[in-house]
Amino acid sequence: MATTKELEQKKRATVLPVCSIREEDHKVILIMELPGVEKGDVSISVEDDELKVLGKRRVPDHSASYVIRERRLGDYFASYTLDDTIDRDRIEAESSLGVLTVTLHLKEASKPKQITVKEVR
């Protein structure tokens with residue numbers, strides 16, 4: 001028979017974080033909720049055209065006996081396909097109180113340009 005610790009490890013799964021995405025001032029901003037994840041436990045990478053975010057949660061004490069357990073176990077993981085308008089060299093991230101903000105800057109060529117009309121006589 002499996003121990004409680006072994007059962008909990010089997011239940012440990014990847015959790016999709018809650019995320020909002022908005023576009024403003026020539027950038028795309030992802031705001032993700034990663035409760036229980038410290039800044040040092042967040043990994044963000046770009047592989048090919050995919051932005052990957054992994055948040056490692058520390059495993060709670062398995063020796064405790066719960067009456068009710070509503071908190072899900074598992075690490076956070078999300079991936080997003082980046083199109084060619086995103087400048088991969090200008091991706092920034094910051095974390096505060098379990099909220100991760102990832103800023104994706106648009107390439108210069110992707111920004112709208114105003115064309116001045118000259119008068120010819």
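In this predicted model, strand β6, which covers residues 86-96, pairs with β7 in the antiparallel sense over seven bridges. One of the contacts along this pairing places Ile 86 against Leu 106, its bridge partner in β7. The two strands form a hairpin with two residues between them, and in that turn Leu 97 takes a positive phi of about 55°.

Strand β7 itself, made up of residues 99-106, is mostly covered, since seven of its eight residues are buried. Besides its pairing with β6, β7 is joined to β2 by seven bridges, and these two strands likewise run antiparallel. Within β7, Thr 103 is the residue that stands opposite Ile 29.

From β2 (27-33) the path can be followed back to the loop that lies between this strand and β1 (18-24), where His 26 is placed. The phi of His 26 is near 65°, a positive value in a residue other than glycine. His 26 is partly exposed because its relative accessible area, 35%, falls between the 20% limit for buried residues and the 50% limit for exposed ones.

A further positive phi is found in the loop between β3 (42-47) and β4 (50-55), which holds Asp 48. Although Asp 48 is not a glycine, its phi is positive, at about 55°. Asp 48 has a relative accessible area of 73%, and it therefore counts as exposed, the cut-off for that class being over 50%.

Notes
Residues are numbered from 1 along each chain as its sequence is written. This is a predicted model: local features need pLDDT of at least 70, side-chain atom pairs count only at pLDDT 80 or more; totals for chains, interfaces and linings use all residues. Side-chain values use heavy atoms; hydrogens and water are left out. Helices (H or I, at least four residues) and strands (E, at least two) are DSSP runs, numbered from the N terminus. Buried means under 20% relative accessible area, exposed over 50%, partly exposed in between (1.4 Å probe, protein chains only). Two strands pair if DSSP finds at least two bridges between them.
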